[in-house]
Amino acid sequence: MHIARVTLREIELPLRERFVISSGWMDVRRILLLELEDVEAVTCWSECVCGDRPNYSPETVDTAWLALREWLIPRVLESPLEGPGAVRARLDAGVQGHPMAKAAIEMGCWGLSARRADQALAERIGGTRERVPTGISIGIQDSPAALVDKARAAIDEGYRKVKLKISPGVDIDYVRAVREALGPDAVLAVDANAAYTLDDAEHLARLDPFDLVMIEQPLAAGDLVRHARLQDRLTTPLCLDESIVSVEDTEDMLALGAGRIVNIKPGRVGGFTSSIAIHDAAQAADVPVWCGGMLESGIGRAYNVALASLPNFHLPGDLSPSRRYWERDIVTPEWTMTEDGFVEVPRGTSGLGVDVDIDRIDDVTTRAETMTAARATA
Ligand code: OSB
Ligand code: MG
């Protein structure tokens, strides 16, 4: 694999509705896209999942742009790579951190290698599922009644899991209202985005009666030991998101008992190689994983759907259809959900399984820069 050119682009896509989580909110998604091209002019797009502000992770669109332009893209342009499995080591040499920026390149190389092999991305990485159960992540609402309306609409649309964002004070009453309205069969989860501390253990135990499939990331990202203490005091399984950036973090979680479920976002953990290692480590420990989302465009979604077709993805992913997020996505066809709440994994196609709508992308692009080997060595 020999990358000859990489174009960095930033686009702005307005969300259909404001998305509020405990640590911030978003009306417009700023998205960093990459277009990779190899020496034989085969191309593939990928997406970097960073947000606008460092509320979910330390990386942002602007730090990723800098890291990609200054340190990461030059590294993949400098000489041929053995294959997508070799990309992460190349990017890690001499560059600490920046897993989201690294993931955008690494996953793009997997996409490119799928195109070169004339295989669907899911097939290229060993995915086995033909369709993946779909969940929805509902942002913080102004009242329990407003949340009940959203959650009920989601169940009616067919979603197989409903995740409610919570934060201190916007939690027990909201979850109770939804459980009472939707009944015992609804698959419900909550996600705190690190808003609590271990001092809130008793308060969080008040969620136990609501039979949630998980409480996602109640404590801070670095709080593995404290998550283990909290898990000891709850019957509801904890799921880690922000805390897991590598397979080593996953091993630590397993060793400490800091959680019983892992949310894998390939864009958060540095790409597919790391995602697959996390998937395998969790599977060996009988710990289920599921694929989280970062309000991706249709390009990032293609990677998430491919990953979620691996066998240990037992729980529905945050893989909602395009129309949940955007008036118009940047791919054709847009991502859809079946009436019974599944997303179909593209098969028998080459690469991502969707076409990139370049006219649409041009319309929403705010900056772009192309780098070639010459620039990289200049
Ligand atoms: O914690 O899972 C999260 C979106 C932005 C940042 C963090 C999270 C989320 C979501 C969105 O929950 C899930 C989706 O993409 O549908
Ligand atoms: Mg989360």
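**Entry 1: a serine in a strand**

A strand, as I use the word here, is a DSSP run of type E with at least two residues, numbered from the N terminus. With that settled, I looked up Ser 46 and found it in strand β3, which covers residues 43–48. I keep in mind throughout that this is a predicted model.

Is Ser 46 buried or exposed? Ser 46 has a relative accessible area of 0%, so I wrote it down as buried. Its side chain reaches the backbone oxygen of Ala 104 at 2.7 Å.

**Entry 2: the open sheet**

Next I traced a sheet. Seven strands make up an open sheet, and I read their order as β5-β6-β7-β8-β9-β10-β11, with parallel pairing. At the edges I found β5 (135–138) and β11 (289–291), each of which pairs on one side only. I reminded myself that strands of a sheet pair through backbone hydrogen bonds, either parallel or antiparallel.

I then picked one pair of neighbours. Strand β6 (residues 161–165) pairs with β7 over four bridges, in the parallel sense. Within that pairing, Lys 165 has Asp 191 in β7 as its bridge partner. I kept Asp 191 in mind for the next entry.

**Entry 3: the magnesium ion**

Which residues are the protein donors of the magnesium ion (ligand 2)? I found Asp 191 (OD), Glu 216 (OE) and Asp 241 (OD), at 2.0 to 2.2 Å from the ion. Along the chain these donors follow the spacing D-x24-E-x24-D. Asp 191 sits in strand β7 (residues 188–191), while Asp 241 is in the loop between β9 (238–240) and α9 (247–256), so I noted that the pair links distant parts of the chain, 50 residues apart.

I also checked how covered these two are. Asp 191 has 1% relative accessibility and counts as buried. Asp 241 is buried too, with a relative accessible area of 0%.

**Entry 4: around ligand 1**

I turned to ligand 1 and found that 15 residues surround it. The closest are Ser 137, Asn 193, Lys 265, Leu 295 and Tyr 325.

I looked at the contacts one by one. Leu 295 brings a backbone N or O atom to 2.9 Å from an oxygen atom of ligand 1. Lys 163 places a polar side-chain atom 3.0 Å from an oxygen atom of the ligand. Asp 241, which I had already met as a donor of the magnesium ion, has a polar side-chain atom 3.2 Å from an oxygen atom of ligand 1.

How much of ligand 1 does the protein bury? Taken alone the ligand exposes 380 Å², and the protein buries 96% of that.

**Entry 5: salt bridges**

How many salt bridges does a search of the whole structure find? The search gave me 29, and I followed three of them.

My first stop was Glu 10 with Arg 367, where the closest N and O atoms are 2.8 Å apart. Glu 10 belongs to strand β1 (residues 3–21) and Arg 367 to strand β15 (residues 365–372), so this pair ties together parts that are 357 residues apart in sequence. Glu 10 counts as buried at 3% relative accessibility, whereas Arg 367 counts as partly exposed at 27%.

Then I looked at Glu 123 with Arg 347, whose closest N and O atoms are 3.8 Å apart. Glu 123 lies in helix α4 (residues 121–124) and Arg 347 in the loop between β13 (342–344) and β14 (355–356), so parts 224 residues apart in sequence are tied together. Glu 123 is partly exposed at 30% relative accessibility, and Arg 347 is partly exposed with a relative accessible area of 30%.

My last stop was Asp 173 with Arg 176, at 3.1 Å between the closest N and O atoms. Both lie in helix α6 (residues 172–182), three residues apart, which is about one turn of the helix. Why does that spacing suit a helix pair? An α-helix has 3.6 residues a turn, so residues three or four places apart point the same way. Asp 173 counts as partly exposed at 46% relative accessibility, as does Arg 176 at 30%.

I also noted a network: salt bridges that share partners join Glu 10, Arg 30, Asp 52, Asp 62 and Arg 367.

**Entry 6: a covered helix**

I closed with helix α11 (residues 298–307), which is mostly covered, with 10 of its 10 residues buried. Among them are Gly 298, Arg 301, Tyr 303 and Leu 307.

Terms used. Residues are numbered from 1 along each chain as its sequence is written. Chains are lettered from A and ligands numbered from 1 in the order in which they are written. This is a predicted model: local features need pLDDT of at least 70, side-chain atom pairs count only at pLDDT 80 or more; totals for chains, interfaces and linings use all residues. Side-chain values use heavy atoms; hydrogens and water are left out. Donors are N, O and S atoms within 2.8 Å of the metal (3.2 Å for Na, K and Ca); water is not among the atoms, so sites may look incomplete. Buried means under 20% relative accessible area, exposed over 50%, partly exposed in between (1.4 Å probe, protein chains only). A salt bridge is a side-chain nitrogen of Lys or Arg within 4 Å of a carboxyl oxygen of Asp or Glu. A residue is near a molecule or strand if one of its heavy atoms lies within 4 Å of it. A polar contact is a pair of N or O atoms within 3.5 Å; within protein, one must be able to donate a hydrogen and the other to accept it, and residues adjacent in sequence count only if both atoms are side-chain atoms. Accessible areas come from the Shrake-Rupley method with a 1.4 Å probe; for residues, only the protein chains shown count as cover. Two strands pair if DSSP finds at least two bridges between them.
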